[in-house]
Amino acid sequence: MCENNTRKVQYAERKQGEGRAIIEQERKFRVFMAVADANTLRQVCELAAADEELALVGTTTDGDHVAEWVRECRPALIVLDTELPHVDGLTAAARVRAFDRRVGILLLSAFMGSQICEECELLEVGHVMRKPVRPQALYEQLRLWMQTSRVRQEEAARLAARRRASAIVQEFGVKLGKKGRLYIIDAILLSSQMHSGVTKDIYPAIAKTYHTTQKNVERVVRYAVNTIWTRSDPAILAKYFGQNYANEHSSIGSSTFCSILSEFVHTGHAE
């Protein structure tokens, strides 16, 4: 019985370890590489193995099943060699693009003629490196791609959050001046990042952005919050603040107002 229990514990621990490893890999920038030169591929793999931000989720020196493996591995970037045996890199890229228009493609090619450039444009190849490629240079390009991709993702997330905050403010259905609308949207967005309150951090940050005073920002935000709270449809207030809270409170603090709406913005519930 003891032995069986021990085996169960070991199995559970192993599964937990595998689960943690999967979660850790999901956080990394996922790359699939199809490179004809096995030596280059091996050296890049060695460099990436010590990288805490990159994950090589698949490698091959053959182009035959690249599309199927990419569909299974779901990488953010694929590296394709134009000289892959059986199926060349451009053909493999076309097969991938048939089902995925978002994955990044980095092409390795010894030739840079007009035909290659035209095909790369059609296939939305993000970058071409001329062969022969040094493993260190290829690894550095993967790192650069990862950093650029993260900047784009962060900017897209910021824009999406601002759209959600703007949609919520508009949903209350009350007229706010331009400053009131901009300041309240910024206050909602900053509420999740700054936890010491609107007076200490948020108002000064907004004042700096719009080249005004903290006192002016505070006055405008308080007026906007009070306008929304006293003039909005009670059903809309109940949607975001709860029926009981909306019924029992004749006013609401700016910090509480922004903090509650920030949860809706950053969880995507406002979409």
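**Exercise 1. Describe how strands E3 and E4 pair, and place them in their sheet.**

Solution. Strands E3 and E4 pair in the parallel sense over five bridges, where two strands pair if DSSP finds at least two bridges between them. Strands here are DSSP runs of type E of at least two residues, and helices are runs of H or I of at least four residues, both numbered from the N terminus. The model is a predicted one, in which local features need pLDDT of at least 70 and side-chain atom pairs count only at pLDDT 80 or more, whereas totals for chains, interfaces and linings use all residues. Residues are numbered from 1 along each chain as its sequence is written, and side-chain values use heavy atoms, with hydrogens and water left out.

Begin with a single bridge: Leu 77 has Gly 104 in E4 as its bridge partner. Next, turn to the other neighbour of E3, strand E1 (residues 29–34), which runs parallel to E3 (residues 77–81) and is joined to it by four bridges; there, Ala 34 stands opposite Leu 80 in E3. Finally, assemble the whole: five strands form an open, parallel sheet in the order E2-E1-E3-E4-E5. Its edge strands, each pairing on one side only, are E2 (54–60) and E5 (127–130), and the twist averages 20 degrees from one strand to the next.

**Exercise 2. Determine which residues of strand E4 are buried on each of its faces.**

Solution. The criterion is relative accessible area, calculated with a 1.4 Å probe on protein chains only: buried means under 20%, exposed over 50%, and partly exposed in between. In a regular strand the side chains alternate between the two faces of the sheet. Strand E4 (residues 104–109) is mostly covered, with six of its six residues buried. Gly 104, Leu 106 and Leu 108 are buried on one side, and Ile 105, Leu 107 and Ser 109 are buried on the other, so that both faces are covered.

**Exercise 3. Classify the packing of helix H2 against helix H6.**

Solution. Take the geometry as the starting point: H2 (residues 38–49) and H6 (residues 135–171) have axes 9 Å apart and pack at an angle of about 50 degrees. Axes are lines fitted to C-alpha atoms, for helices over the stretch in contact, and angles run from 0 to 180 degrees between N-to-C directions. Angles under 35 degrees count as roughly parallel, over 145 as roughly antiparallel, 65 to 115 as roughly perpendicular and the rest as oblique; H2 and H6 are therefore oblique to each other. The contact (heavy atoms within 4.5 Å) is made by Thr 40, Gln 43, Val 44, Leu 47 and Ala 48 of H2 with Pro 135, Gln 136, Leu 138, Tyr 139 and Leu 142 of H6.

Helix H6 also holds Arg 143, which is buried at a relative accessible area of 19%. Neighbours within four places in sequence aside, Arg 143 is in contact with Asp 51, Glu 53 and Leu 54.

**Exercise 4. Work out how helix H10 is oriented to helix H12, and which residues meet.**

Solution. H10 and H12 (residues 254–267) pack at an angle of about 75 degrees, with their axes 10 Å apart, which makes H10 roughly perpendicular to H12. From H10, Lys 239, Tyr 240 and Phe 241 meet Phe 257, Ile 260, Leu 261 and Phe 264 of H12.

Helix H10 (residues 234–241) also contains Ala 238, which counts as buried at 14% relative accessibility. Not counting residues up to four places away in sequence, Ala 238 touches Gln 243 and Ala 246.
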